[in-house]
Structure formats: structure tokens, C-alpha cells
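This report describes the fold of one protein chain, two of its helices and a few single residues. The sequence and the structure are shown first.

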Amino acid sequence: MSASAFRCPAMTRYVLSLLFMLLALAGWQASAQERVPVPNLQARVSDLTGTLSATQQADIEQKLEALEKSKGAQVFVLMVPTVGPDTVETYSRRVFDEWKVGRAKVDDGILFLIAKDDRRMRLEVGYGLEGAVPDVLASRIINDHVAPHFKMDDDAGGVQAGVDALVGLIETEELPPPVN
């Protein structure tokens, strides 16, 4: 290649912009392929991190089952190692939508997502429960009830405290009766 090829600034800019576009496209495709898949819904409590013992999972599961039988509202707990390239908000929304959390016409479901290695948590609340669990209370549950336990390496206690706080708020909410 001759030195005159590098003296043309328009050609250099064109080649560089093409190179940057190709790199950006390759990076976008790689991140799209690395998205953490939404796990299949198999239980009210899904711990993919191995943090909760079988007894702890069963205790939380029973509490959430009793809530669903008495109020109709559904609460699911999902613990994952990471949400990957997604934010905790986008991943929780994907899970919430795919799992169809809450009753269809009431939208009275909550997903309690813990991305353990990312050190992120989220309460994804259906519209039917936004009166009982508005954003400010969801934030308080995470910051005041759950996070202190996690900081003391008591993850199970944090999940239990979060679930207890949610159940307490949902029990006071007027909801259509469950269909048995």
C-alpha cells in the first residue's frame, strides 16, 4: 500500500467508521447471545444459587401458598447468580412477563428477584398490587428488611424478611377473592 492512501482523510474516516460499526455490531451480537435465559417456572421459590436449604425453601413456599389461597395474589422468589448483560430491571420484567405472575385480569403478582453475584435485588410489582406495594415501599422492603440480612451473610433471613414484609402488605389490600 502506498503512502498516498493514508493522505486521503475522507478515505481514512470511511475505513475507520466502517471498522467501528463492525466492532459495535459484533459486540451487540455477542451480548445478545449471552443473555441469561429465563428459567422455567417450577415453584414459588426458585433458588438457582444454592443459597437456601430445602427447609428454608419449603417454609417460604408454604407462606406464599397460604397467601395465594387466602388472597389470590401470587408472589414468586427467584434467586439467580447473575442477570448477565441485562439490568436487574429488564431481567425481572422478562421473568415477570414470561412467568405471567399474578392473576390475568387482576395483575396481582410480585416477583422478588435476587441476583446474588451482582448484588442486586428487585421487586417487580403487578399493577393490581401497586396500591399495597408502591415503589417507595418496595424500596424500603429491600433496603430496610432484606439488605441488612444480606450484609450479615444471612441471605435466607433476608429473603424471609422480604417475603414477610410483602405478605403483611398484601394481606391488608382489598383484592378479588381467589377462585378455588
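Is Gly 72 buried or exposed? In this predicted model, Gly 72 has a relative accessibility of 6% and therefore counts as buried. The residue sits in the loop between H2 and E2, directly after the end of H2, and has a positive phi near 90°. Apart from neighbours within four places in sequence, Gly 72 touches Leu 67, Arg 103, Asp 108 and Pro 178. One of these, Asp 108, lies 36 residues away along the chain, with a C-alpha to C-alpha separation of 7.8 Å from Gly 72.

**Overall arrangement**

The protein chain holds five helices and four strands. Their order along the sequence is α-β-α-β-α-β-β-α-α. Of its 180 residues, 38% count as buried. Among contacts with a sequence separation of 6 or more, 65% join residues that are 24 or more positions apart.

**Helix H2 and its packing on H5**

H2 has 18 residues, and the distance from its first C-alpha to its last is 25 Å, close to the 26 Å expected at 1.5 Å a residue. Its buried residues are Ile 60, Glu 61, Leu 64, Leu 67 and Lys 71. Viewed down the axis of H2, these residues fall within an arc of 125°, so they line one face of the helix. That set packs against E1, E2 and H5. Ala 54, Thr 55, Gln 62 and Lys 69 are exposed on the other side of H2.

The partner helix H5 spans residues 155-171, while H2 spans residues 54-71. What describes the packing of two helices? The angle between the axes and the distance between them serve as the description. For H2 and H5, the axes come within 11 Å and cross at roughly 10°. The two helices are therefore roughly parallel to each other, given that angles under 35 degrees are classed that way. On the H2 side, the contact is made by Gln 56, Ile 60, Lys 63, Leu 64, Leu 67 and Lys 71. H5 contributes Ala 156, Val 159, Gln 160, Val 163, Asp 164, Val 167, Ile 170 and Glu 171. Sorted by class, the contact of H2 with H5 comprises eight nonpolar, two polar and four charged residues.

Leu 166 also belongs to H5. With a relative accessibility of 0%, Leu 166 counts as buried. Setting aside neighbours within four places in sequence, Leu 166 is in contact with Val 75, Ile 110, Leu 123, Val 133 and Ile 141. The C-alpha atoms of Leu 166 and Ala 132 are 8.8 Å apart, with their positions 34 residues apart along the chain.

**Helix H3**

How far apart are the end C-alpha atoms of helix H3 (residues 88-99)? The separation is 16 Å, which agrees with the 16 Å that twelve residues should span at 1.5 Å a residue. Val 88, Tyr 91, Ser 92, Val 95, Phe 96 and Trp 99 are the buried residues of H3. Because they cover an arc of only 135° around the axis, they are on the same side of H3. The cover over these buried residues includes four strands: E1 (45-47), E2 (74-80), E3 (109-115) and E4 (120-125).

**Positive phi outside glycine**

Most residues other than glycine have a negative phi. Lys 100 has a positive phi although it is not a glycine, and Asp 153 does too. Lys 100 follows H3. The loop that holds Asp 153 runs between helix H4 (135-151) and H5. Both residues are listed below with their surroundings.

| Residue | Phi | Location | Relative accessible area |
|---|---|---|---|
| Lys 100 | about 55° | loop between H3 and E3 | 63% |
| Asp 153 | about 60° | loop between H4 and H5 | 70% |

Lys 100 is exposed, and Asp 153 is exposed, since a relative accessible area over 50% is the cut-off for that class. Gly 72, by contrast, is buried at 6%.

How values were computed:
Residues numbered from 1 in each chain as written. Predicted model: local features only at pLDDT ≥ 70, side-chain atom pairs only at ≥ 80, totals over all residues. Heavy atoms only, no water. Axes fitted to C-alpha atoms, helices over the stretch in contact; angles between N-to-C directions. Parallel < 35°, antiparallel > 145°, perpendicular 65-115°, else oblique. Contact = heavy atoms within 4.5 Å. Nonpolar A, V, L, I, M, F, W, Y, C, P; charged D, E, K, R; others polar. Expected span 1.5 Å × (residues − 1). Buried < 20%, exposed > 50% of the residue type's maximum accessible area, 1.4 Å probe, protein only. Arc of directions from axis to C-beta.
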